[in-house]
Structure formats: structure tokens, C-alpha cells
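Me: I would like a close look at a single part of this model. Please take one strand and follow its contacts outward in a connected account.

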Amino acid sequence: VNTTVPKPVKAAEGVGSYQHMRGECMLHLVNLVAAWRSAMPTLFGLYCIRAPMRALLIPATVAVLLQPMFAQAGSSVAVATPSSVLQLENNWSNNMWVSSGGMFYSGYSNLDEYLNARAPPPNAPPLTAEYQQKVEHLRAEAMKDRTSLDPDAKCHVCGAGCLPYGVPLVLTMPQPFKFQFSPEMVVVLSKQGYREILIDIGTHPKDLDPTYSGHSIASWKGDTLIVDTVGLSDKTVIEPGLPHSDQLHVVEHWRQIGPDELQNRVVIIDPKALTHPWVVTKTYHRVVGIEPQEKPCM
Amino acid sequence: MKHEPHRSCGLLVKAGASSCGCALALIAFISLSYAQLADPPAIKTTVIPLTATQLEALNRKWRGIWEMKEGQNDFSGWKTVWDWSGGKANAANPPPLTPKWQKIYDDIRAKAVQGENVVDFTSACVPYGFPGITFFPEEFQFTKDSLNILSWGNSAYRHVYMDGRGHPRDLTLSYNGHSIGRWDGDTLIIDTVGFREDSILDTGLTHTSQLHSIERLRMLKSNDLEVEFTFSDPEEFVHPWVVTRTYERVTQVQISAAPDCADNRFTRDESGASIMLDSAGKPLAPTSQK
């Protein structure tokens, strides 16, 4: 993968940006401390408390009062206005992003770790009995032929039948992607081709023909872009060695958690393969100095 | 660009400057010319960013799926490769080939008439590349600084930089090339270079890496789009080859990309030609050219 180690990039400083949110918090902090000090004697009857005791109580009370605000600062703005959404879109589309972890949702670092594992992974998928058997079968096959697990194994020769990663595997593979925003759609560009996500159209069409990227719709909720995908082909896997059915439903929750870091809380739903929704959080870091590239062959 | 320094020199003379001043201007002109030679493709222009309202209006105007109108064939005018193999008619708009490339073209045609599959690179699911990709329906997405042309041909896309940059000097060759775009009134001009040599320009016709394409896209009516292609290749053509195509908006409802080669919807028949399959895996009519 042709990536470079991301250098700290100064994020936009407008409304909704990380810096803006931190600045806003500091302002609230100053105001709250002033308000607390003026209200303290009458509200809490603490005026007569000795100074050393006040010195302990003041920071503790301020911390309790500000706890929700700091939690909010970590998750950025609570309510998105059209302008703050534009700021986020601008910030996200300026560079490419790449997954920070391995290609496994379950927590394995790589294929070797998966094959050599003796214990359940850190975040084991809640498999149904039917799919538990399938997973064990695929793992046994992979012990004989390791390439059967590798999503890129067939991609070295043009026309060899290399399959696209598909959703949701594409969200964990270490391949840079770029968000592109316009008023009615979000497009994700990568070597996989493009993924089209329609904004605010409400529902998916009926009778979808299954594809690797499926049919995606999205909307902004506060500072979080929620992407809902159905119509996914069962030819791909959720992660190496983990198949899914054609009833797979993936809900992504994208938000910015730092100047150069995005978080995606992925909810994977498949009534045939999973006993209950599987929730996994992935992070992505900004990659500077590269541009979208086409896939050399299918 | 080269005329500008001459005019500057003339103004200097009119202003009563000495011959020394004109000589300095001449030196400056020579320096400028060499500088241009050292960096020929990178022509940066200043672009005024679109407002959010303008961007929304632009996307609304170009929204939907655009499909080539019926009755249009290859750039040269052939209907299909099968038609061509039968040798029924001459091309309506033959490429102005140099003698060397005319021979290459004729040899491929002769083999095709013999039944050889020599023109259909896409049967191996190799990307169609530009301009072959323009045979497929496509969508346009305008962003703050780029245009994405989303094709229904193998989920390929063209990323067109609209931020005023030029083409890079050390360009990596690709199937779709490197594209920069700009507006000339209501006409969108897309300039593309940097093509790999193993993609198709037209049925039975490849090109060199020197291929240079200029597209002029113009909305004739609300649902009619005209695209004028001008192909230049100093090794292949004796003069630029101009082809005009028209597209129509087929629906206002946007749906995901169609199943494609990546979805295993293509296979080969006994002769090696590509055949598209329906969702049940049954062969549809030969569709390698569209």
C-alpha cells in the first residue's frame, strides 16, 4: 500500500472543527467558574468554609459540572448546523484516510495471528450455530491453503477473478480512500472503484440486485454521518474467514475525534449469521500527499 | 503566451526606453521560453471557488444518469465489432491515421474478419479506460474542487481536478489518465493526458502514451448533453480527430452502480468474446462494445 506516515495537519478552524470545539469549551469553563463563584454563598451555603477546603471543593465541583461538556468535546458538536456540516465535509475531503487497525473486526492483527490463535479473539462475532460451522470449515481450509483467506490473493494477475472487498470488509482493509461530498451524495473513491452514498433520500429501493457495495443511504445526525447499507452480495466476507448472508445490513457512524482521526462505529446485522448485532469501532488516520488512484485490474 | 513579451517590448519602446531595456526584455523572454519548455504541461490557473448555493445548483443541473443516445456507435462510426468484422460499410468518421498506424488498424481489421478476437481487451475484465468508459452510463458529482465522473463500466471513476492545477510533470500512466477541468462559460472543458498504451481508443484501435484528449461538455437542453472529443496523438494521427456524441438523462432517480465485471457478470464465449450475464447467470446478448 502506497501510503505515507501522516504528518500533523492543521484542521480547519471554523465552526464544528476540533480546535473550535476546544476553544468553545474553554470559554464555557471560564464563564461557569465565574458563575459558580458568585452563586456559591447563596446556593450552597459554603461561604463560611475555610479557604483550603474551598480550594479542594471548587475544582471538584467544576469538574462535575463540566463533565458532560468534556464528553461532548470528545465527540465534537452536539447539534450540526448546515455550516458546521459543510466544515466537516470540507475537512474530511481535503485528504485521504486509511484504517488504523488490522483487517479483522474481531481484533486479530493479521492472518497469521488468526490462524495460530488458540483462544477466542478480543471481540468475537456472535455467530449462529450454522455460521460457526462455516467459520470453522473456512479456517480448516485456510490451514491447508493460507491464500484462501487473503482478499488480495487473486489480484496479482489481471483477469484472474480478483473480487472487490465489498462492504463491510472495505472499511477495515488498509487501503486509502477519499470522501467526496456534494449536496445529494457522498462518494468514496479508492482503488476499489467508487462507493456512492445518497444523502437524505429516506429509504432503500425495494428488490435490490445484490452488489458488493450494496445500496447506501446516509444522513447527518449532529456531527455524525450515519450510513445505512443493504443489498449486499454474499460473495464477500465481513472479515477474512467470516462469511455472511444476503441479509447483511451494515450501519456506519462516522465522526471526527481528532484533527487527523476519524472514528466509525460499525453495527453489523445479519439474522442468519449473527445472533445479535455486532458492534465494532474502527479508527482511521489522515494520509497526506497521495491522490485517488484507479484499480489496475479487476 | 509567447506574444506577451513582444508586446511588452513594444510598450517599452513607445515609452522611450533605451535599446538596453529592450535587450533586457529579450533576455527575459528567452528565459521565460526556456522555463516554459522545462515545465510544459503545468499551467496553473486561478479558480474562484463556488459558493454552497452555486455548487448545489450545479449538481442539480447535472444530476441523474446520463446515457449515450441510441444510434451512436464507435467513434469511427462502426456499430459493433461484429458489424465491423462483416465489413459491411466504411466508417462514417475514420480516424486520421498516419501510414504506420493505418497499417496496424488494417491488420487488426483483417484478423477480426477472420474471426479472431483481437479487439476486445475488456473480455479479461481489464478496465475499459478512457475513452471506452464513455460508452457506459455515467453520473456527475461536482465538489468544491473537483468533478467525479462515476461510470457504470466496472465501477470505474474519473477524478477531474477543478482547482486550477495543471498536469504533473512526472505522471504515472493510467487507464483513465490525469484530468483537469475548467469552465468556459457554460461549457465544461476536460483536458486529459497520461494514458497507458494498453487501453482501447476505439474498436480495434489503441494509442500511444502521447494521446491527449480535450472534451467539451455542453448542456443543449435540460436533458440533452453534447460532448465533443478532440483526440491528438502526434505519432498516431496526422491531425486531431474530432468526434461529437450526445447523451440523454435517463432518469432522475439515482441508484447504485450496476452489476459489472467485478460482480462476475461477464464471461467469455467459445471464441473468447465477452458476454454479459443476467442476475441468474444466463448469457445476455453480446455486449462487449456497450
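What follows is a reading of one strand in chain A and of a residue in chain B that touches residues of that strand.

Reply: The model is predicted, and confidence comes before geometry. Chain A has a mean pLDDT of 75, with 68% of its residues at 70 or more. Over residues 1–78 of chain A, pLDDT stays under 50, although the model has 74 contacts there beyond four places in sequence. Where pLDDT is low, predicted coordinates should not be read in detail. The strand chosen here is E2 of chain A, residues 178–182.

E2(A) is mostly covered, since five of its five residues are buried. In a regular strand, side chains alternate between the two faces of the sheet. In E2(A), one side carries Lys178(A), Gln180(A) and Ser182(A), and the other carries Phe179(A) and Phe181(A). Both faces are covered, and the residues named on either side are all buried.

Within chain A, the partner of this strand is E3(A), residues 185–190. The two strands run antiparallel and are joined by five bridges. They form a hairpin, with two residues between E2(A) and E3(A). Across the pairing, Phe181(A) stands opposite Val186(A) of E3(A).

Chain B enters the picture through Gln141(B), which lies in strand E2 of that chain, residues 138–142. Gln141(B) has 0% relative accessibility, and because buried means under 20%, this residue counts as buried. Its side chain reaches the backbone oxygen of Gln180(A) at 3.1 Å. A polar contact of 3.2 Å also joins the side chain of Gln141(B) to that of Ser182(A). Gln180(A) and Ser182(A) are listed on one side of E2(A).

Leaving out residues up to four places away in sequence, Gln141(B) touches Gln180(A), Phe181(A) and Ser182(A), and also Met185(A), Val186(A) and Val187(A). The contacts of Gln141(B) thus include Phe181(A) and Val186(A), the pair that stands opposite each other in the hairpin strands. In its own chain, Gln141(B) touches Asn59(B), Ser146(B), Leu147(B) and Asn148(B).

As for the chain that supplies this glutamine, chain B has five helices and 12 strands. Of its 290 residues, 47% count as buried. Among contacts in chain B with a separation of 6 or more, 55% are between residues 24 or more positions apart. Chain B exposes about 14,600 Å², of which carbon and sulfur atoms supply 56%.

Note on methods: Residues numbered from 1 in each chain as written. Chains lettered and ligands numbered in written order. Predicted model: local features only at pLDDT ≥ 70, side-chain atom pairs only at ≥ 80, totals over all residues. Heavy atoms only, no water. Buried < 20%, exposed > 50% of the residue type's maximum accessible area, 1.4 Å probe, protein only. Helix = DSSP H or I, 4+ residues; strand = E, 2+ residues; numbered from the N terminus. Pairing = 2+ DSSP bridges. pLDDT = per-residue confidence, 0-100. Contact = heavy atoms within 4.5 Å. Areas by Shrake-Rupley, 256 points an atom, 1.4 Å probe, with all protein chains shown as cover. Polar contact = N/O pair within 3.5 Å; in protein donor to acceptor, adjacent residues only side chain to side chain.
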